[in-house]
Amino acid sequence: MGVLDDYLVNPNLSLLEKTRIQAQVLVPVMRALRAEIGREKADAIVRGALREWSRQLFAAIGESIDGSPRRKWAAMQGALNDVTAREVTFDILRQDKEALEIDVTTCGFADFFRALGEPELARISHSR
């Protein structure tokens, strides 16, 4: 059983497929909010809500992992790498005690949100 299993709902769907399903609800709601209160304010509300949801999600996942904060982060990062491996490729530019620098070379999530005309949602919904 993987670290993220309880949070991925259906292990037979890829994370990108799940993101597409979520977007079927999120994008119309976001567009309606923009029409009602303006783009800047609507985007700020959605960004804040998604960041808080993400913070709570990863805190809950972290609680289920034994060990130090560094161990928890490494376990979660490894699990995320596993579930995004088909959709995201990257080069590691630097990895040492002081920093981890990566260059994302392809991202199916960004491609999907660009095709929807909502490229900023790739950054908002998958930032941690």
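1. Of the 128 residues in the protein chain, 32% count as buried. The model is a predicted one, and the values below should be read with that in mind. The accessible surface of the chain comes to about 8,700 Å², and carbon and sulfur atoms hold 54% of that surface.

2. The chain has five helices and two strands. Read from the N terminus, the order of the elements is α-α-α-β-β-α-α. As for contacts between residues with a separation of 6 or more, 47% of them join residues that are 24 or more positions apart.

3. Which residues make up the nonpolar patch on the surface? They are Trp73, Phe90, Ile92, Leu100, Ile102 and Val104. Together these residues have about 570 Å² of accessible area. Two strands, S1 (88-95) and S2 (100-107), each supply at least two residues of the patch. The largest share comes from S2, with three residues.

4. Isoleucine 92 can serve as an example from the patch. This residue lies in strand S1. Isoleucine 92 has a relative accessible area of 47%, so it is classed as partly exposed. The cut-off for a patch residue is over 30% relative accessible area, and isoleucine 92, at 47%, is therefore on the accepted side of that limit.

5. The structure holds 11 salt bridges. One of them joins the side chains of glutamate 118 and arginine 34, with a distance of 2.8 Å from N to O. This pair links distant parts of the chain, since the two residues are 84 residues apart. Glutamate 118 sits in the loop between helix H4 (108-115) and helix H5 (120-126), while arginine 34 belongs to helix H1 (residues 15-37).

6. Are the two partners of that bridge buried or exposed? Glutamate 118 is buried, at a relative accessible area of 3%. Arginine 34 also counts as buried, at 10% relative accessibility. The limit for buried is under 20%, and therefore both values qualify.

7. A second salt bridge is formed by aspartate 43 and arginine 39, whose closest N and O atoms are 3.8 Å apart. Both residues are in helix H2 (residues 39-63). Because they are four residues apart in this helix, about one helical turn separates them. Aspartate 43 is buried, with a relative accessible area of 8%, whereas arginine 39 is partly exposed, with 45%.

8. The two bridges described so far belong to a wider arrangement. Arg31, Arg34, Arg39, Asp43, Glu118 and Glu120 are linked in a network of salt bridges. Among these residues, Arg34, Asp43 and Glu118 are buried, and Arg39 is partly exposed.

9. How far apart in helix H2 are arginine 55 and glutamate 52? They are three residues apart, so the separation is about one helical turn. Their side chains meet in a salt bridge of 2.7 Å from N to O. Arginine 55 counts as partly exposed at 49% relative accessibility. Glutamate 52 is partly exposed as well, with a relative accessible area of 33%.

Conventions:
Residues numbered from 1 in each chain as written. Predicted model: local features only at pLDDT ≥ 70, side-chain atom pairs only at ≥ 80, totals over all residues. Heavy atoms only, no water. Patch = residues over 30% accessible without salt bridge, like charges linked within 9 Å, V, L, I, M, F, W, Y side chains within 5 Å. Areas by Shrake-Rupley, 256 points an atom, 1.4 Å probe, with all protein chains shown as cover. Salt bridge = Lys/Arg side-chain N within 4 Å of Asp/Glu carboxyl O. Buried < 20%, exposed > 50% of the residue type's maximum accessible area, 1.4 Å probe, protein only. Contact = heavy atoms within 4.5 Å.
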